[in-house]
Amino acid sequence: MNSENFSLSEKIVSPAYVRQGSQARRSHEQLIRHLLEQGKCPEEGWSESTIELFLNELAVMDSNNFLSNCGVGEREGRVASSLVARRHYRLIHGIGRSGDIAAVQPKAAGSSLLNKLTNSVVLDILKLSGVQKVASCFVVPMATGMSLTLCFLTLRHRRPKARYIIWPRIDQKSCFKAMITAGFEPVVVENVLEGDELRTDLEAVERKIEELGAENILCVHSTTSCFAPRVPDRLEELATVCAKHNLPHIVNNAYGVQSSKCMHLIQQGARVGRIDAFVQSLDKNFMVPVGGAIIAGFDESFIQEISKMYPGRASASPSLDVLITLLTLGASGYKKLLSERKEIYSFLAQELKTLASAHGERLLHTPHNPISLAMSLDGLQAESNKAVTHLGSMLFTRQVSGARVIPLGKEQTVSGHTFRGFMSHSEAYPCPYLNAASAVGITREDVTLCIKRLDKCLKTLKKEGSAAKSSSPVPPPCQEDTGEE
């Protein structure tokens with residue numbers, strides 16, 4: 001209610017009580033005013049009542065919620081189901097206009113304000129997470145793969161002769177298909193093995209640039225967050241190479257916002273060389289439903305160019321989800337989650353190391369990967385390749401999700417390109433292994449239960465292997481001793 005309505009209320013209810021209610025209302029409005037003034041994530045999280053008050057006030061600014069609205073167009077924010085309307089807080093018009101996903105809609109001042117505020121708050125979080133130099137970003141209602149495609153399509157207009165994208169190999173289908181979908185030919189650069197880690201082959205990248213010609217290359221497409229034993233690309237060195245050859249550089253930072261190390265790599269890469277845009281998933285970094293990503297960069301004009309490349313209006317759901325989440329957590333709540341994730345990474349590493357040792361395996365040494373870990377499975381491989389893959393299915397049926405079991409020698413064809421040793425980021429990694437990750441939102445209980453179930457699975461497989469060996473027929477001694485047929 002406004003001040004006039006509060007005054008009228010005093011004629012009905014005791015003025016003292018009304019003033020108390022008015023003061024409570026002003027407490028909510030003060031928080032909203034700070035958000036509108038600063039455009040930053042509040043330090044402390046908001047209550048649900050404040051968030052709902054804010055969203056309801058945004059919704060009444062959209063034309064579909066005007067009491068006297070008379071819509072005669074084809075897109076008037078009409079919704080058949082009241083359940084759907086409530087699910088979206090009656091913010092029905094989406095974001096953007098046909099020519100620009102970041103543009104303001106005349107019919108939807110509330111939804112447009114939501115969009116602008118979300119982008120501003122997310123920009124603040126990217127800076128808080130370690131990329132202080134980031135100049136601009138926007139939330140796009142597509143997951144990481146399609147968001148990368150949008151970046152590549154935007155670069156096409158700047159480099160119309162380009163045909164190739166230089167890509168240090170990472171065995172994840174969507175980032176490979178993003179390049180294919182955009183109409184480019186990925187040039188796969190195999191990683192080099194350093195100890196247990198798979199790292200960027202900088203010399204091979206330089207050779208490919210010289211061989212193909214910089215004018216024929218759209219960009220270098222690098223990666224930060226990845227499954228061990230692959231580790232984040234050497235971003236500083238790649239950024240320097242890109243600056244040297246005047247090549248654009250797009251970074252797949254899928255779940256890297258939660259890692260201070262990944263964000264530091266991006267910050268440093270932009271400082272010493274060239275990074276044009278970096279893309280991150282909403283669901284992996286902010287615990288919201290799948291369907292959104294953040295495209296960010298250091299040149300505001302280029303990020304605006306990408307937003308204008310998006311055809312038509314877009315769903316506001318990802319923007320709404322991440323704004324609600326960040327207002328709920330506040331900057332302090334999100335920083336706490338990041339700190340807890342880092343602590344649990346150390347706990348997971350220690351638990352996996354202990355378990356591996358108990359089963360004659362080892363935790364692979366991958367200090368440059370701040371999120372993912374890998375444990376060797378040489379003992380299972382000695383039994384059979386089938387035993388390795390069986391472990392993966394055993395974990396899944398025991399409700400251990402997210403763990404990946406990587407056998408040796410798997411081949412996979414993706415969009416016409418055959419990857420040998422697929423999922424291991426290498427044509428011939430020395431051993432099979434199991435992955436586990438400490439991602440934002442993980443708990444110590446998750447780790448403890450996973451280790452307990454993994455231990456049981458490994459013991460079961462060993463018993464099965466021993467039983468199979470004891471029941472197999474023994475060949476005649478002379479056959480082995482004399483070499484007779």
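Is Arg97 buried, partly exposed or exposed, and what is its relative accessible area? In this predicted model, Arg97 has a relative accessible area of 37% and is therefore partly exposed, since that class lies between the 20% limit for buried and the 50% limit for exposed residues. Arg97 also belongs to a set of positions that UniProt, in an unreviewed entry, lists under "binding site", and the notes below take up that set before turning to a nonpolar patch on the surface.

**The annotated positions**

- The UniProt record names Arg97, Ser98, Gln105 and Arg313 for this feature, and the entry is unreviewed.
- Although these residues span 217 residues in sequence, no two of their C-alpha atoms are more than 9.8 Å apart, so they gather at one spot.

**Arg97 and Arg313**

- Arg97 is placed in the loop between helix 4 (82–87) and helix 5 (109–128), whereas Arg313 lies in the loop between helix 12 (300–309) and helix 13 (317–358).
- With a relative accessibility of 33%, Arg313 counts as partly exposed.
- Leaving aside residues up to four places away in sequence, Arg97 touches Ala103, Val104, Gln105, Pro106, Gly312 and Arg313.
- On the same basis, the contacts of Arg313 are Arg75, Ile95, Gly96, Arg97, Ser98 and Gln105, and these include the other positions listed in the record, Arg97, Ser98 and Gln105.

**A nonpolar surface patch**

- Ile12, Val13 and Tyr17 together form a nonpolar patch on the surface, with about 370 Å² of accessible area.
- Within this patch, Ile12 sits in the loop between helix 1 (3–9) and helix 2 (15–38), and Ile12 is exposed, with a relative accessible area of 74%.

Methods:
Residues numbered from 1 in each chain as written. Predicted model: local features only at pLDDT ≥ 70, side-chain atom pairs only at ≥ 80, totals over all residues. Heavy atoms only, no water. Patch = residues over 30% accessible without salt bridge, like charges linked within 9 Å, V, L, I, M, F, W, Y side chains within 5 Å. Areas by Shrake-Rupley, 256 points an atom, 1.4 Å probe, with all protein chains shown as cover. Salt bridge = Lys/Arg side-chain N within 4 Å of Asp/Glu carboxyl O. Helix = DSSP H or I, 4+ residues; strand = E, 2+ residues; numbered from the N terminus. Buried < 20%, exposed > 50% of the residue type's maximum accessible area, 1.4 Å probe, protein only. UniProt positions renumbered as here; feature names shortened; annotations may be inferred. Contact = heavy atoms within 4.5 Å.
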